[in-house]
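The following exercises ask for a careful reading of one model, moving from ring contacts to charges, strands and surface. Each task is followed by a solution in steps.

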Amino acid sequence: MDSYDDQEARAGAPRAGSRQPGTPPPGTPPPGSGIVGLSFPYQVAASTALAVIAVLACVHVAMVFLHVAPSNTITKEHGKAVDAWVYPEFEQNWKLFAPNPLQQNIAVQARAEVESADGARTRTTTEWIDLSAEDGRAIRHNPLPSHVDQNELRRGWDFFVGSHDSQNRPNGLRGKLSEQYIRRIVMLRLEDRALGGTVTRIQLRSATTAVGSPVWSKEKVSTRPSYRVYPWWTVSAEDLPDGVRNGSKEAGE
């Protein structure tokens, strides 16, 4: 006597787990899925969006490549266009991965010439104020440090130094903008201090200190700071951010 399975096989009944001819394998997406499954207007819109994204991605990669590549014919002719695309959102900084990372600590310091508020018009000069040290104290042991404390002064100083030559002269419009920016940062920091009058002039300097060699190294490194002093700047109303009174003077007077 035939078994029940043999009878089902002769009758053409499918077994459990078997796949009928012409049936797609499990997990196969149904026909017409993806862009093909959309109506024609939506197909056109989706294809156009994908094409635009692809073009923008290629342009962005090309711009970043030209920005970090050595000087060449293209960057000499179209360098301004490349910089306009990259700065400030896509600025590249490879110092962390450089073969010779930064081995110096750079502190930004400022002092001010203050005109007394008693009407005698006497002027005094403050001691050097270490603005970078103030940021360091605000960041240290803080699990959620402010981006202002981390980046405002540091990035502003990099912008300032990178847009000036060795004689402290600004390189075009970027150099002048960097001076205005760093002056506003300094005046914002000085506003929190009781200087006893109105700031008429400010002066900046950088203190560069080499990072000491590790205890196991035989290399000898001098950790004495070296200073780069910049000229005095006369403070004007344009150097006062919103809310900065500069002693008794209102911003904008």
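**Exercise 1. Count the aromatic pairs, then follow the contacts of one ring in helix H5**.

Solution. The rule takes rings of Phe, Tyr and Trp (its six-membered ring) as paired if their centres lie within 6.5 Å, with planes under 30 degrees apart called stacked, over 60 edge-to-face and the rest tilted; by this rule the count comes to four aromatic pairs. In one of them, the ring centres of tryptophan 157 and phenylalanine 160 are 5.1 Å apart and the planes stand at 40°, so this pair is tilted. Both residues belong to helix H5 (residues 147-162), three residues apart, about one turn of the helix; helices (H or I, at least four residues) and strands (E, at least two) are DSSP runs, numbered from the N terminus.

The model is a predicted one, in which local features need pLDDT of at least 70 and side-chain atom pairs count only at pLDDT 80 or more, whereas totals for chains, interfaces and linings use all residues. Residues are numbered from 1 along each chain as its sequence is written, and side-chain values use heavy atoms, with hydrogens and water left out.

The next step is burial, where buried means under 20% relative accessible area, exposed over 50%, and partly exposed in between (1.4 Å probe, protein chains only). Phenylalanine 160 has a relative accessible area of 1% and is therefore buried. Phenylalanine 160 also forms an edge-to-face pair with tyrosine 230, at 5.2 Å centre to centre and 65° between the planes. Because phenylalanine 160 lies in helix H5 and tyrosine 230 in the loop between strand E5 (226-229) and strand E6 (233-234), the pair ties together parts that are 70 residues apart in sequence. Tyrosine 230 is buried at 4%, and tryptophan 157 is buried at 6% relative accessibility. Ring pairs link Trp157, Phe160, Tyr230 and Trp233 into a cluster.

**Exercise 2. Trace the contacts of arginine 183, with both a ring and a carboxylate in view**.

Solution. Start with the ring: a charge sits over a ring if NZ of Lys or CZ of Arg is within 6 Å of the ring centre and within 35 degrees of the ring normal. Arginine 183 lies over the face of tryptophan 233, at 5.2 Å from the ring centre, and tryptophan 233 belongs to the aromatic cluster of the previous exercise.

Then take the carboxylate, using the rule that a salt bridge is a side-chain nitrogen of Lys or Arg within 4 Å of a carboxyl oxygen of Asp or Glu. Arginine 183 and aspartate 239 meet in such a bridge, at 2.9 Å from N to O. Since aspartate 239 lies in the segment after E6 and arginine 183 in helix H6, the pair ties together parts that are 56 residues apart in sequence. Aspartate 239 is buried at 2% relative accessibility, and arginine 183 is buried at 13%.

**Exercise 3. Find the pairing partners of strand E1, and place the salt bridge of glutamate 115**.

Solution. Two strands pair if DSSP finds at least two bridges between them. Strand E1 (residues 104-116) pairs with strand E4 (residues 197-210) in the antiparallel sense over 13 bridges, and alanine 107 stands opposite alanine 207 in E4. E1 is also antiparallel to strand E2 (residues 123-125), over three bridges, where valine 114 has threonine 124 as its bridge partner. Two further antiparallel bridges join E1 to strand E3 (residues 129-130), where alanine 110 is partnered by isoleucine 129.

For the side chains, a search of the whole structure finds nine salt bridges. One of them joins arginine 123 and glutamate 115 at 3.4 Å, N to O; arginine 123 is partly exposed at 48% relative accessibility, whereas glutamate 115 is buried at 15%. Both residues belong to a salt-bridge network that links Glu113, Glu115, Arg123 and Arg201.

**Exercise 4. Which loop holds histidine 141, and is histidine 141 buried or exposed?**

Solution. Histidine 141 is in the loop between helix H4 (131-139) and H5. With a relative accessibility of 79%, histidine 141 counts as exposed. Its backbone has a phi near 65°, a positive value in a residue other than glycine.
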